[in-house]
Amino acid sequence: MLTSLDGYIARSDEDIGLPIPETDLHQHFNDMMTRSATVLAGRRMYETMIFWDSPDREDGATEVERDFARAWRRTPKVVFSTTLRHVGSNARLVSHDAVAEALSLKEEIDGMIIVGGADLAASLARAGLIDEYRLYVHPVVLGGGKPYFQSGLSLQLKPLGTERLSQGVTLLRYAPAGSTP
């Protein structure tokens, strides 16, 4: 997930506050989405990303945006929510135990599983189900808001690498300490 230098993924639910990815950075996310076997998303993240579900969004979009929209629509999604009643195409709604469902999916799915949403990620992290954390750090300070890591979540991590990306973004990759990459 994109994060500010001070560790926030958004100022609030209404105002992300982080710069919109431009072409080169967007292409990085396109490539990741293309390699993904499935996406696990919490309600708020899904509601943000559902924008990409509609082919109508391709009108006036750049080529990199159209490519992302197609990759998003092709990638199966599992949405965890107790308040949503339905989800879009190529998505499945789960309203019960997210940890049990994620564990089952992790055993069934061969390939990369993306987790979107700080609250969902925190519950999966507490259960030891996150193999790699990718922090896309923007050189922006938000001064508060929704943190990348939930308050009270304690993790020991080992560095896997860093990468300089466009827009001054630095990708920091970590794995839980004691795991094998």
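**Entry 1: the end of α5**

I began at the end of helix α5 in this predicted model, where the helix is followed by G128, a residue whose phi is positive, near 75 degrees. Going back into the helix, which covers residues 118-126, I listed its buried residues and found A118, L120, A122, L124 and A125. The spacing of such a list can be read against helix geometry: an α-helix has 3.6 residues a turn, so residues three or four places apart point the same way.

I then asked which residues L124 touches, leaving out those up to four places away in sequence. The contacts are L40, A98, V99, A102, V115, L129 and I130. L124 counts as buried because its relative accessibility is 2%, where the cut-off for that class is under 20%. I also looked up the separation from L2, a residue 122 places away along the chain, and the C-alpha atoms of L124 and L2 turned out to be separated by 18 Å.

**Entry 2: the parallel sheet**

Next I traced the open sheet of 4 strands, whose order is β5-β4-β3-β6 and whose pairing is parallel. The edges are taken by β5 (91-94) and β6 (112-116), and since each of these has a single partner strand, one side of each is left without a neighbour in the sheet. On average, neighbouring strands here are turned by 20 degrees against each other, with direction ignored.

For one of the pairings I went down to residues: β4, which spans 77-80, and β5 are joined in the parallel sense over 4 bridges, and A91 in β5 is the bridge partner of K77. K77 came up again when I searched for charges over rings, as its charged end sits over the ring of W72, 4.6 Å from the centre of that ring.

I also checked what packs on the sheet, and noted that helix α1 (residues 23-35) lies across β3 (36-42) and β6, running at about 105 degrees to β3.

**Entry 3: two nonpolar cores**

Which members of the largest nonpolar core touch the most other members? The core has 24 residues, and the ones that stand out in this respect are F29, M33, Y46, F68, W72 and Y136. At least two residues of this core come from each of α1, β3, α2 (43-49) and α3 (63-74). A second core, separate from this one, has 20 residues, among them V94, L124, A125 and L129, so the L124 of my first entry belongs here, being buried at 2% relative accessibility.

I returned to F68 for its own contacts and, setting aside neighbours within four places in sequence, recorded H26, F29, N30, M33, M49 and W52.

**Entry 4: aromatic pairs**

The count of aromatic pairs came to 5, and I examined two of them in detail. W52 and F68 are edge-to-face, with 5.0 Å from centre to centre and 70 degrees between the planes. The pair links distant parts of the chain, since W52 is in the loop between α2 and α3 while F68 is in helix α3, 16 residues apart. Both partners are buried, W52 with a relative accessible area of 15% and F68 with one of 6%. F51 joins W52 and F68 in one aromatic cluster.

Y133 and F149 have ring centres 5.7 Å apart and planes at 55 degrees, so I entered this pair as tilted. Y133 is in strand β7 (residues 133-138) and F149 is in the loop between β8 (146-147) and β9, again a link between distant parts of the chain, with the two positions 16 residues apart. Buried or partly exposed, for each partner? Y133 counts as buried at 6% relative accessibility, whereas F149 is partly exposed, with a relative accessible area of 30%.

**Entry 5: positive phi outside glycine**

Finally, I looked for positive phi values in residues other than glycine and wrote down two cases. N90 has a phi near 60 degrees, lies in the loop between β4 and β5, and is partly exposed, with a relative accessible area of 34%. Q167 has a phi of about 65 degrees and is found in the loop between β9 (157-164) and β10 (170-176); Q167 is likewise partly exposed, at a relative accessible area of 22%.

Conventions:
Residues are numbered from 1 along each chain as its sequence is written. This is a predicted model: local features need pLDDT of at least 70, side-chain atom pairs count only at pLDDT 80 or more; totals for chains, interfaces and linings use all residues. Side-chain values use heavy atoms; hydrogens and water are left out. Two strands pair if DSSP finds at least two bridges between them. Axes are lines fitted to C-alpha atoms, for helices over the stretch in contact, and angles run from 0 to 180 degrees between N-to-C directions. Contact means heavy atoms within 4.5 Å. A nonpolar core is a set of buried Ala, Val, Leu, Ile, Met, Phe, Trp, Tyr and Cys residues joined through side-chain atoms within 4.5 Å. Buried means under 20% relative accessible area, exposed over 50%, partly exposed in between (1.4 Å probe, protein chains only). Rings of Phe, Tyr and Trp (its six-membered ring) pair if their centres lie within 6.5 Å; planes under 30 degrees apart count as stacked, over 60 as edge-to-face and the rest as tilted. A charge sits over a ring if NZ of Lys or CZ of Arg is within 6 Å of the ring centre and within 35 degrees of the ring normal.
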